[in-house]
Amino acid sequence: RAAGSEWIKICSLRSTWITSAIAIVTSVLIGAGLTIGMGKTAEYADTARYSLIAGTTLGQIVVAVLAALVITGEYSSGQIRSSLAAVPHRGRLLWAKALVISFVAFLLGSLSTLLSWAISAPFLGEHAGSLTDAHYLGFFWGSGLAYAGIALMTLGLGFLLRSTAGSLTVVTVLLFVIEIPLGLMAMKWEWATKIIGLLPGRVAGAVTDPFQLTQTWGSQAGGATSFLEHSHAILVFAAWALIPMLIGWPVFSRRDT
């Protein structure tokens, strides 16, 4: 029942539909655009279909906005008091929100990749990936899982910080900003390169591409930032998604509204 009420709330908000539309449009425009552009060049024809997941990077930050609003919007409006009155068990409320936002994020990620493929496939002809290929289908549900992981990480930060701006600032720094200074430090120190390889934006690639069709992990061919084995990168991403939630759970349970 708690999950049902959260589903009604998230579907009733105009911001949910606007944010979802932006996430899909952003992912599709970038993914399909790059795929079509690469497909027109003969030397890229065989790999062009894989570029359809390129738009997921920006799509993830839009999904993070949606996830942050699920909890921080209630704090800013005072709705959190009504939510806690209806569901006094705070842990139940937290995981109900997590279930709903991860499901919505999964749908957005999978749908974005599917639309990117549908738009670009006619331009690629025989080079377009096939939906009958189980490995190729990994891109679709893998993108959904990556979106869900970013959403859970942001939701956990929202419970901890109770601020939309604060949560999104931390997520944006982790996904994009922090790589700039670390990239400069990596020119001199190898440990900085290792840190880059552990960032959520990097390890999300292991989830988006579950069968390693576009990148080899755990080898020199994958580059210094891909030093992790594929399975280890997935575990690191899972930690990024779950640890903020696990920390936010007792904090939310013991803190006043």
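A residue counts as buried when its relative accessible area is under 20%, as exposed when that area is over 50%, and as partly exposed in between. The exercises below use this scale on a predicted model.

**Exercise 1. A tryptophan in a loop**

Task: Decide whether Trp-217 is buried or exposed, then say where Trp-217 is found and what Trp-217 is in contact with.

Solution:
- Step 1. Take the relative accessible area of Trp-217, which is 6%. The cut-off for buried is under 20%. Therefore Trp-217 is buried.
- Step 2. Place the residue. Trp-217 sits in the loop between H10 and helix H11 (230-254).
- Step 3. List the contacts, leaving aside neighbours within four places in sequence. Trp-217 touches Arg-202, Val-203, Gly-205, Ala-206, Gln-212, Ser-226, Leu-228, Glu-229, His-230 and Ala-233.
- Step 4. Check a distance. The C-alpha atoms of Trp-217 and Phe-227 are 6.5 Å apart in space, and the two residues are 10 apart in sequence.

**Exercise 2. Two of the contacts**

Task: Find the places of Arg-202 and Gln-212, and class each by accessibility.

Solution:
- Step 1. Arg-202 belongs to helix H10. Its relative accessible area is 32%, so Arg-202 is partly exposed.
- Step 2. Compare sequence with space. Arg-202 and Thr-56 are 146 residues apart in sequence, yet 12 Å apart from C-alpha to C-alpha.
- Step 3. Gln-212 is in the loop between H10 and H11. With 34% relative accessibility, Gln-212 is partly exposed.
- Step 4. Look at the backbone. Gln-212 has a phi near 55°, which is positive although the residue is not glycine.

**Exercise 3. Another positive phi**

Task: What is the phi of Arg-162, and where is Arg-162 found?

Solution:
- Step 1. The phi of Arg-162 is positive, about 55°, and the residue is not a glycine.
- Step 2. Arg-162 lies in the loop between H6 and helix H7 (164-177).
- Step 3. The relative accessible area is 30%, so Arg-162 is partly exposed.

**Exercise 4. A salt-bridge network**

Task: Trace the salt bridges that join Glu-6, Lys-9, Glu-74 and Lys-97.

Solution:
- Step 1. Recall the principle. Side chains of opposite charge can pair when their charged atoms come close.
- Step 2. Start with Lys-9 and Glu-6. Their side chains form a salt bridge of 2.9 Å, N to O. Both residues lie in helix H1 (residues 2-12), three residues apart, about one turn of the helix.
- Step 3. Class the two partners. Lys-9 is partly exposed because its relative accessible area is 23%. Glu-6, at 5%, is buried.
- Step 4. Go on to Lys-97. The side chain of Lys-97 meets that of Glu-6 in a salt bridge of 2.8 Å, N to O. Lys-97 is in helix H5 and Glu-6 in helix H1, so this pair ties together parts that are 91 residues apart in sequence.
- Step 5. Add the bridge from Lys-97 to Glu-74, with the closest N and O atoms 2.6 Å apart. This pair links distant parts of the chain, 23 residues apart: Lys-97 in helix H5 and Glu-74 in helix H3 (residues 56-77).
- Step 6. Check burial. Lys-97 is buried, with a relative accessible area of 1%. Glu-74 is buried too.
- Step 7. Put the pairs together. Shared partners join Glu-6, Lys-9, Glu-74 and Lys-97 into one network.

**Exercise 5. Two packed helices**

Task: Describe how H6 and helix H10 (residues 200-208) pack.

Solution:
- Step 1. Choose the terms. Two packed helices are described by the angle between their axes and the distance between the axes.
- Step 2. Give the values. H6 and H10 pack at about 145°, and their axes are 8 Å apart.
- Step 3. Give the hand. The H6 and H10 crossing is right-handed.
- Step 4. Name the residues that meet. H6 brings Gly-138, Phe-139, Gly-142, Ser-143, Leu-145, Ala-146 and Met-153. H10 brings Pro-200, Ala-204, Val-207 and Thr-208.

**Exercise 6. A nonpolar patch**

Task: Which residues make the nonpolar surface patch of about 610 Å², and which helices each supply at least two of them?

Solution:
- Step 1. The patch is made by Leu-111, Leu-114, Leu-115, Leu-131, Leu-137, Trp-141, Leu-145 and Phe-211.
- Step 2. Helix H5 (90-124) and helix H6 (134-161) each supply at least two of the patch residues.
- Step 3. Take one member. Leu-114 is in helix H5. Its relative accessibility is 37%, so Leu-114 is partly exposed.

Conventions. Residues numbered from 1 in each chain as written. Predicted model: local features only at pLDDT ≥ 70, side-chain atom pairs only at ≥ 80, totals over all residues. Heavy atoms only, no water. Patch = residues over 30% accessible without salt bridge, like charges linked within 9 Å, V, L, I, M, F, W, Y side chains within 5 Å. Areas by Shrake-Rupley, 256 points an atom, 1.4 Å probe, with all protein chains shown as cover. Salt bridge = Lys/Arg side-chain N within 4 Å of Asp/Glu carboxyl O. Helix = DSSP H or I, 4+ residues; strand = E, 2+ residues; numbered from the N terminus. Buried < 20%, exposed > 50% of the residue type's maximum accessible area, 1.4 Å probe, protein only. Axes fitted to C-alpha atoms, helices over the stretch in contact; angles between N-to-C directions. Left-handed = near helix turned anticlockwise from the far one by under 90°. Contact = heavy atoms within 4.5 Å.
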